[in-house]
Amino acid sequence: MDVPKDQMSTLLDHGLFPSAQMLGCFLVSSSSVSIETSPHLKAENLVLLGDALFREKEYKRAIVNNLVILDFRLISHHAYKQALHCHRIIPKQNATPIRSALSASTRSSSPNSFNISAINENEVKFKIASSHCALNENRAALLEMEGIPSKARNLQMNLMMGKLYRSSRHTRAAVTCYKECLRHCPYIIEAIIALAELGVAAKDIISLFPQTPTRGARSTFDHFDSSRWLQRYVEAQCCIASNDYKGGLEIFAELLRRFPCNIHILLEMAKVEAIIGKTEEAITDFEKVRSTDPYVITYMDEYAMLLKQKSDYSKLNKLVHDLLNIDPTRPEVFVALSVLWERKDERGALSYAEKSIRIDERHIPGYIMKGNLFFSMNRPEAAVVAFRGAQELRPDLRSYQGLVRSYLAISKIKEALHAAREAMKAMPQSAKALKLVGDVHASNTSGREKAKKFYESSLRLEPGYLGAALALAELHVIEGRTVDAVTLLERYLKDWADDSLHVKLAQVFAATNMPQDALSHYQAALRINPQNEAAKKGLERLEKQLKGVDPDAPEEDEENDVEDADADQEEAELL
């Protein structure tokens with residue numbers, strides 16, 4: 001078997017439900033166990049995943065249509081429903097073992113349900129620490145946990161201590177705790193991800209895995225086979241953590257071929273694709289996840305940001321509505337709300353972003369959204385603080401981009417260049433990092449030649465990177481090379497029907513007194529994306545010019561703006 005089922009049971013027994021949930025995705029998507037060939041095994045696997053999701057309080061993913069009473073316990077789960085479907089197709093003579101397996105797998109693994117006779121001082125301290133964590137009182141929780149001797153700590157205790165040490169920036173102590181987890185159970189995926197993000201090398205993580213051979217030739221093969229995919233998973237996470245996004249995506253794609261429709265892998269891939277600007281690929285992967293399991297919340301705020309970027313507000317509205325119905329307490333839901341409200345009420349959107357951070361102070365999309373909002377509200381100094389917050393948790397391309405934009409807005413060229421060079425150092429093979437350095441040089445008249453070289457290098461590294469092409473075209477326009485700008489943009493339009501390319505061309509033509517060409521490109525942009533604000537404003541301005549009206553003249557009804565603003569505020573409060 002690809003994934004040892006006993007390891008799944010171990011995770012459940014120790015209360016490590018997030019890791020159990022992620023491992024369960026591998027268990028149920030394994031191609032070696034199918035409904036047709038092994039329905040009883042498939043049923044058992046689905047029940048184990050069901051236990052993990054139920055314990056994680058993902059009730060919406062649990063409850064779909066039916067509640068089944070089995071051994072006086074309610075099994076309410078999408079996965080359970082699938083398990084029961086598998087159970088029904090098993091011949092009646094094989095039903096008894098399944099019933100016992102289901103009964104066993106529904107055993108309580110909650111830390112609140114252990115036998116009273118087993119209570120001891122360490123378990124009480126752990127309960128107190130858990131309560132502090134629920135209240136976001138991490139310092140008090142850590143103090144309580146440090147009172148438990150290291151030899152007395154179980155897996156769940158070590159994992160909590162790793163999280164608390166990491167939150168308090170005690171990196172070395174956090175690494176020690178996470179390593180201790182993997183020495184006892186290599187399938188604690190949370191610990192693998194954390195160690196990768198803390199900079200531990202893949203070979204060092206893999207060396208922690210127990211190497212004890214199992215009995216029998218077949219068992220030995222299964223052990224090697226299962227540990228191999230786990231090693232590749234470690235390598236993928238370490239690639240992502242070190243900003244080798246391409247390498248990480250390649251390994252995830254390899255794992256996805258082995259574990260088709262694995263929700264966890266699809267989510268990891270979509271998250272990375274969103275970070276590096278592969279918008280279409282990320283949206284496709286998020287939609288695969290949603291079609292497979294519509295009750296997933298993890299990373300759905302990243303999906304919301306992509307939908308806004310594509311101006312797909314109907315899907316964004318539905319997504320936020322669905323998330324609120326699933327679990328309105330998760331930080332992802334508040335970031336998605338922030339994304340939705342940005343167009344209508346930036347202050348309201350900002351309060352939602354801040355709420356997501358209060359729920360989980362390590363929720364990076366909350367900081368990214370907060371930074372973007374501050375920037376659009378013309379508060380670049382506050383944006384710098386937000387993007388720095390994201391970067392302290394885990395530097396990625398978006399936090400670097402936000403920092404560079406914000407520093408340039410407040411004319412801190414030196415700091416902007418430092419951030420851009422940091423990005424280039426962290427991601428030497430990234431066209432987007434090269435473009436950032438070009439942006440800084442382009443902000444200075446004396447640096448435009450350097451900027452041109454960086455933009456061209458970026459396009460050589462990634463010919464399809466439209467951001468660099470648009471920046472280079474803008475540089476051509478600034479320096480009076482209009483023909484070069486038009487040639488470059490039209491060349492890209494042959495391969496990419498992108499609304500931003502049409503807008504840029506329209507702006508170039510409008511600036512060079514070619515209104516009809518500008519008009520056709522604005523209209524083309526709006527055919528591709530009817531919500532493109534730059535195209536709408538550009539077209540409105542151009543139409544006024546064609547009618548002989550001064551586009552900069554104040555509107556007659558501007559005196560009513562205050563009343564309209566008050567009405568908008570009242571409407572926002574009602575909503």
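**Stop 1: A510 and helix α29**

Select A510 in this predicted model. A510 counts as partly exposed, because its relative accessibility is 33%, a value between the limits of 20% and 50%. The residue belongs to helix α29, which covers residues 499-511. Next, add R541 to the selection. Although 31 residues separate A510 from R541 along the chain, their C-alpha atoms are 10.0 Å apart.

**Stop 2: The whole protein**

Zoom out to display the full chain. The protein has 575 residues, and 49% of them count as buried. Its secondary structure consists of 32 helices and two strands. The exposed surface amounts to about 28400 Å², and carbon and sulfur atoms supply 52% of that area. Among the contacts with a separation of 6 or more, 54% join residues that are 24 or more positions apart.

Colour the model by pLDDT at this point. The average over the protein is 82, and 80% of the residues score at least 70. Select residues 92-119, where the pLDDT is below 50; this stretch nevertheless has 38 contacts in the model beyond near neighbours in sequence. Then select residues 558-563. Here, too, the pLDDT stays under 50, and the model has zero contacts for this stretch beyond four places in sequence. Where pLDDT is low, the predicted coordinates should not be read in detail.

**Stop 3: Helix α14 and its two neighbouring residues**

Select residues 245-258, which form helix α14, and find G248 within the helix. Is G248 buried or exposed? G248 is buried, because its relative accessible area is 0%, and buried means under 20%. Leaving aside residues up to four places away in sequence, G248 touches A236, C239 and I240. Add R232 as well: R232 and G248 are 16 residues apart along the chain, and 9.6 Å separates their C-alpha atoms.

Move on to L249, which is also placed in helix α14. L249 is buried, with a relative accessible area of 10%. Which residues does L249 touch, not counting those up to four places away in sequence? They are I240, M269, V272, E273 and I276. I240 therefore appears in the contacts of G248 and in those of L249, while both G248 and L249 are buried. C239 can be added for a distance: C239 and L249 lie ten residues apart in sequence, with 8.7 Å between their C-alpha atoms.

Now select N243, in the loop between α13 and α14. N243 counts as buried, because its relative accessibility is 14%. Its phi is near 70°, a positive value in a residue other than glycine.

**Stop 4: The cavity**

Turn on a display of internal cavities, if the viewer offers one. Rolling a probe the size of a water molecule over the atoms shows where empty space is left. How many cavities of 30 Å³ or more does the structure hold? The structure holds one, and about 100 Å³ of space lies in the largest cavity.

Select E197, I240, A241, K271 and R394, which lie nearest the centre of this cavity among the 13 residues of its lining. By class, the lining has seven nonpolar, two polar and four charged residues. Then show helices α11 (189-197), α13 (217-241) and α15 (263-275), each of which supplies at least two residues of the lining. I240, a contact of G248 and of L249, is thus met again here, at the cavity.

**Stop 5: Helix α17 and its two ends**

Select Y299, in the loop between α16 (279-292) and α17 (300-309). Like N243, Y299 has a positive phi although it is a residue other than glycine; the value is near 65°.

Proceed to α17 itself. This helix is mostly covered, with eight of its ten residues buried. Which residues of α17 are buried? They are M300, D301, E302, Y303, A304, M305, L306 and L307. With these residues selected, show the helices against which they pack: α15, α16, α18 (313-326), α19 (331-341), α21 (364-376) and α23 (397-409). One of these, α15, also contributes to the lining of the largest cavity.

End the tour at S311, which follows α17 and has a positive phi, near 60°.

Methods
Residues are numbered from 1 along each chain as its sequence is written. This is a predicted model: local features need pLDDT of at least 70, side-chain atom pairs count only at pLDDT 80 or more; totals for chains, interfaces and linings use all residues. Side-chain values use heavy atoms; hydrogens and water are left out. On a 1 Å grid over the protein atoms alone, a cavity is a set of points where a 1.4 Å probe fits but cannot get out, and a pocket is an open set with protein on both sides within 12 Å along at least five of seven lines; lining residues have an atom within 4 Å of a point. Grid points are joined across faces, edges and corners, and a volume is the space filled by probe spheres set on the points. Helices (H or I, at least four residues) and strands (E, at least two) are DSSP runs, numbered from the N terminus. Ala, Val, Leu, Ile, Met, Phe, Trp, Tyr, Cys and Pro count as nonpolar, Asp, Glu, Lys and Arg as charged, and the others, Gly among them, as polar. pLDDT is the predictor's confidence in each residue, from 0 to 100. Contact means heavy atoms within 4.5 Å. Buried means under 20% relative accessible area, exposed over 50%, partly exposed in between (1.4 Å probe, protein chains only). Accessible areas come from the Shrake-Rupley method with a 1.4 Å probe; for residues, only the protein chains shown count as cover.
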